[in-house]
Amino acid sequence: MKKGVMRPGHVQIRVLDLEEARKHYVDLLGLIEMDSDEQGRIYLKAWTEVDKYSVILQESDEPGMDFMGFKCLDESVLDRLAGEIRAFGLTVTELPAGELKDCGRRMQFVAPTGHTFELYATKEQTGKWGVSNVNPEAWPRDLKGMKATRFDHCLLYGDDLEGNLTLFRDILGFDLAEQVVDPDNNRVALFLTASMKAHDVAFIKHPEKDKFHHASFYLDTWQDVLQAADLISMTDTSLDIGPTRHGLTHGQTIYFFDPSGNRNEVFAGGDYHYPDHEPVTWQAGNLGKAIFYHDRQLNERFLTVVT
C-alpha cells in the first residue's frame with residue numbers, strides 16, 4: 001500500500017576536496033550548480049528535476065553518504081509517517097525548515113542498517129533547467145558532460161536487511177521489486193521502489209553498518225552510456241566496470257569513482273514495477289549474472305569498495 005512517499009529527493013555526499021568534487025559532478029556528470037550555504041555545502045540538480053536540488057556536496061575528512069532524503073506528498077503525510085516510524089521503535093529528529101537551503105522541515109531517522117534517512121514534503125521548485133513549462137523544447141543546449149537527467153537511487157551496504165525491509169515496505173509503503181536470496185532463502189539484497197521505477201533505494205547484506213556503495217543518475221539511452229564511457233576515458237576518471245548490462249533491473253550501466261572515492265553510476269533503460277507485480281528473485285549462485293549480465297562474474301572491487 002502506498003503511503004505518500006513520492007520519490008528520492010536528495011542525497012548528501014561527503015567529499016574530500018570540494019573544488020575537485022565540483023568539477024566532477026558539474027563538468028563530467030553534468031549536474032547544474034544551484035546554490036551554496038554558510039556551511040560550505042554546494043547544491044546541485046539534474047536538468048529534468050523540478051525541485052531546486054537533489055545532490056548536496058559536503059567537504060569532510062572522509063568520503064561517504066551523510067543521508068538520503070525522500071519527498072512526501074504533503075506535510076500531513078510527513079507528520080503521519082514520522083509517528084509511524086516512532087511507533088516502529090526508531091528515534092525521529094525534526095530538523096527545521098531552512099537547515100537545508102530552501103527546504104522545509106525534515107524528519108530524520110537511522111534505519112536498522114545504520115543509514116540515515118529523512119523525509120520532507122516541501123522544497124523550492126525551480127522547474128526543469130533551461131526548459132519552459134509551457135511549450136517546452138526537447139532539451140537545453142548548454143548541458144555539460146554526461147548530461148545526467150535525474151538523481152535516481154542509492155545502493156547501500158548494511159547488516160539488518162530484514163529490519164530495513166519491514167521499515168521501507170510496511171511503514172513507508174515501498175514495494176519489494178527484486179531480491180537476491182542465498183541457498184537457505186535468506187535475503188542478501190533488496191531492491192525497493194516507491195514508484196514505477198525498478199528501484200528507488202537498494203540494500204546489500206554486509207557485516208558493517210552504514211556503508212555507501214553508489215549514487216546513481218539516469219541517462220536517456222544506451223548511446224548516452226557509451227558516451228559517458230568515452231568521457232570517463234577522456235578525463236582519466238577512475239573506472240569501476242562497464243559499460244555493461246545488469247540482470248537485476250536490466251539497466252544499461254557504467255560505474256566510476258569521484259575524486260574522493262565515492263562510486264557513481266550512470267545508466268539507461270531498466271524495468272518498471274507496478275504494485276501487483278511479484279518480486280523478481282535471483283539466487284545468490286547467479287549473482288554474477290544478476291549484477292553484470294554480460295560478464296556473468298563480479299569484480300572484487302564492486303563487492304568490497306564502499307565509503
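# Salt bridges, core and helix packing

Glu75 is partly exposed, because its relative accessible area is 27%, between the limits of 20% for buried and 50% for exposed. The structure is a predicted model, and Glu75 is a good place to enter it.

**Salt bridges**

Glu75 pairs with Arg105 in a salt bridge. Their closest N and O atoms are 2.8 Å apart. The two residues come from distant parts of the chain, 30 residues apart. Glu75 belongs to helix H2. Arg105 sits in the loop between strand S6 (93–95) and strand S7 (106–110). Which side of the cut-off does Arg105 fall on, buried or exposed? Arg105 has a relative accessible area of 19%, so it counts as buried, given that buried means under 20%.

A second pair is Asp37 with Arg41. Here too the closest N and O atoms lie 2.8 Å apart. Asp37 is buried, at a relative accessible area of 18%. Arg41 is buried as well, at 2%.

The third pair is Lys52 with Asp35. Their side chains meet with an N to O distance of 2.6 Å. What does this bridge tie together? Lys52 is in the loop between strand S3 (42–45) and strand S4 (55–59), and Asp35 is in strand S2 (residues 32–36), so the bridge joins parts 17 residues apart in sequence. Lys52 is buried, with 7% relative accessibility.

These pairs belong to a wider set. The whole structure holds 26 salt bridges. How do Arg105 and its neighbours in this account stand in terms of exposure? Arg105, at 19%, is buried. Some bridges share partners: Asp37, Arg41, Glu99, Arg106 and Glu118 are joined into one network in this way.

**The nonpolar core**

Which residues have the most contacts inside the largest nonpolar core? They are Leu57, Phe117, Leu119, Met146, Phe168, Leu172 and Val201. The core has 64 residues.

Phe117 shows what such contacts look like. Leaving aside residues up to four places away in sequence, Phe117 touches Met68, Phe70, Met107, Gln108 and Phe109. Phe117 also touches Ala111, Leu156, Phe168, Val201 and Phe203. Phe168 and Val201 thus appear both in this contact list and among the residues with the most contacts inside the core. A separate core of eight residues lies apart from the largest one. Its members include Leu155, Ala189, Phe191 and Ala202.

**Helix H2 against helix H3**

Helix H2 (residues 75–88) packs with helix H3 (residues 161–171). The axes come within 11 Å and cross at roughly 145°. The crossing is right-handed. From H2, the contact uses Leu81, Glu84, Ile85 and Phe88. From H3, it uses Gly163, Thr166, Leu167 and Ile171. What is the make-up of this contact? Five of its residues are nonpolar, two are polar and one is charged.

Ala87 is also in H2. Its C-alpha is 9.6 Å from that of Ile171, although the two residues are 84 apart in sequence. Ala87 is exposed, with a relative accessible area of 70%.

**Loop residues**

Leu16 lies in the loop between strand S1 (5–15) and helix H1 (18–28). Leu16 is 25 residues from Arg41 in sequence. In space, their C-alpha atoms are 12 Å apart. Not counting residues up to four places away, Leu16 touches Glu59, Ser60, Asp61, Glu62, Pro63 and Ser260.

Most residues other than glycine have a negative phi. Asn135 has a positive phi of about 50°. It is placed in the loop between strand S8 (116–120) and strand S9 (150–158). Asn185 also has a positive phi, near 70°. Its loop runs between strand S10 (175–181) and strand S11 (187–193).

How exposed are these loop residues? The table gives their values.

| Residue | Relative accessibility | Class |
|---|---|---|
| Leu16 | 40% | partly exposed |
| Asn135 | 71% | exposed |
| Asn185 | 58% | exposed |

Terms used: Residues are numbered from 1 along each chain as its sequence is written. This is a predicted model: local features need pLDDT of at least 70, side-chain atom pairs count only at pLDDT 80 or more; totals for chains, interfaces and linings use all residues. Side-chain values use heavy atoms; hydrogens and water are left out. Axes are lines fitted to C-alpha atoms, for helices over the stretch in contact, and angles run from 0 to 180 degrees between N-to-C directions. Helices (H or I, at least four residues) and strands (E, at least two) are DSSP runs, numbered from the N terminus. A crossing is left-handed if the near helix is turned anticlockwise from the far one by less than a right angle, and right-handed if clockwise. Contact means heavy atoms within 4.5 Å. Ala, Val, Leu, Ile, Met, Phe, Trp, Tyr, Cys and Pro count as nonpolar, Asp, Glu, Lys and Arg as charged, and the others, Gly among them, as polar. A nonpolar core is a set of buried Ala, Val, Leu, Ile, Met, Phe, Trp, Tyr and Cys residues joined through side-chain atoms within 4.5 Å. Buried means under 20% relative accessible area, exposed over 50%, partly exposed in between (1.4 Å probe, protein chains only). A salt bridge is a side-chain nitrogen of Lys or Arg within 4 Å of a carboxyl oxygen of Asp or Glu.
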